[in-house]
Amino acid sequence: SRLMATSQEMVAREAMTAYPFDRHRRLLDLGGGHGAFIKALSPACPSLELGIFDLPPVLAGATSLPARVALHPGDFFATPFPQGYDCMTLVRILHDHDDDRCMQILRSAREALPPGGRLVIAEPMAGVRGARAMGDAYFGLYLWAMNSGRPRTASEYAAMAREAGFTRSQSRRTAMPVIASVI
């Protein structure tokens with residue numbers, strides 16, 4: 001969690017530049033760890049109600065959060081996602097999981113979101129023009145160490161989202177797509 005939090009500032013900046021989060025009323029960061037993304041988002045969207053869903057021992061390390069952040073302890077694969085949020089985020093989560101687990105996460109998010117709700121995926125992308133070799137080398141080593149997951153292209157994530165029940169997707173450009181692309 002500490003390693004993820006230290007690199008999260010760059011990812012948060014890319015996601016916040018690519019997507020207008022302030023258009024929502026309530027946002028839940030799925031797998032939000034110690035709250036690095038929420039801490040970055042909070043001052044930019046002061047009226048947005050915020051929540052984090054993660055494992056109980058991980059949430060125990062979520063300190064110095066704004067008072068408006070609700071903590072939801074749970075497990076992607078054993079706990080229904082909290083409802084009542086019109087936006088959910090997956091920030092550097094899916095690439096850590098194999099396809100069957102990603103589909104389970106995506107389906108659970110679809111079930112929890114209301115009609116018209118949005119899921120924002122901010123992930124490092126495979127197949128980025130001009131950076132493919134670097135991305136493949138870095139994420140190949142990282143995912144080998146994690147012993148699960150794989151780098152995916154934006155079109156692979158879009159296809160998975162459709163299979164999970166989302167009706168449409170849109171890729172948003174970022175300045176550093178190998179670090180974080182947004183769908």
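Here are a few notes on one strand and one helix of this predicted model.

1. Some ground rules. Residues are numbered from 1 along each chain as its sequence is written, and side-chain values use heavy atoms, with hydrogens and water left out. As the model is predicted, local features need pLDDT of at least 70 and side-chain atom pairs count only at pLDDT 80 or more, while totals for chains, interfaces and linings use all residues.

2. Take a look at strand 1, residues 26-30 (helices, H or I, at least four residues, and strands, E, at least two, are DSSP runs numbered from the N terminus). Here 5 of its 5 residues are buried (under 20% relative accessible area with a 1.4 Å probe, protein chains only; exposed is over 50%, partly exposed in between). Arg26, Leu28 and Leu30 point one way, and Leu27 and Asp29 the other. In a regular strand the side chains alternate between the two faces of the sheet.

3. Who are the neighbours of strand 1? Strand 2 (residues 49-54) runs parallel to strand 1, joined by 5 bridges (pairing takes at least two DSSP bridges). Strand 4 (residues 87-91) is parallel to strand 1 too, with 4 bridges. Leu28 has Met88 in strand 4 as its bridge partner.

4. Now helix 6, residues 154-163: its buried residues are Tyr157, Ala158, Met160 and Ala161. They sit on the same side of helix 6 because they cover an arc of only 160 degrees around the axis (taken from the directions from the helix axis to the C-beta atoms). The face turned away from that buried side carries the exposed Ser155 and Glu163.

5. What do the buried residues of helix 6 pack against? They pack against helix 4 (99-112) and strand 5 (118-123), where contact means heavy atoms within 4.5 Å.
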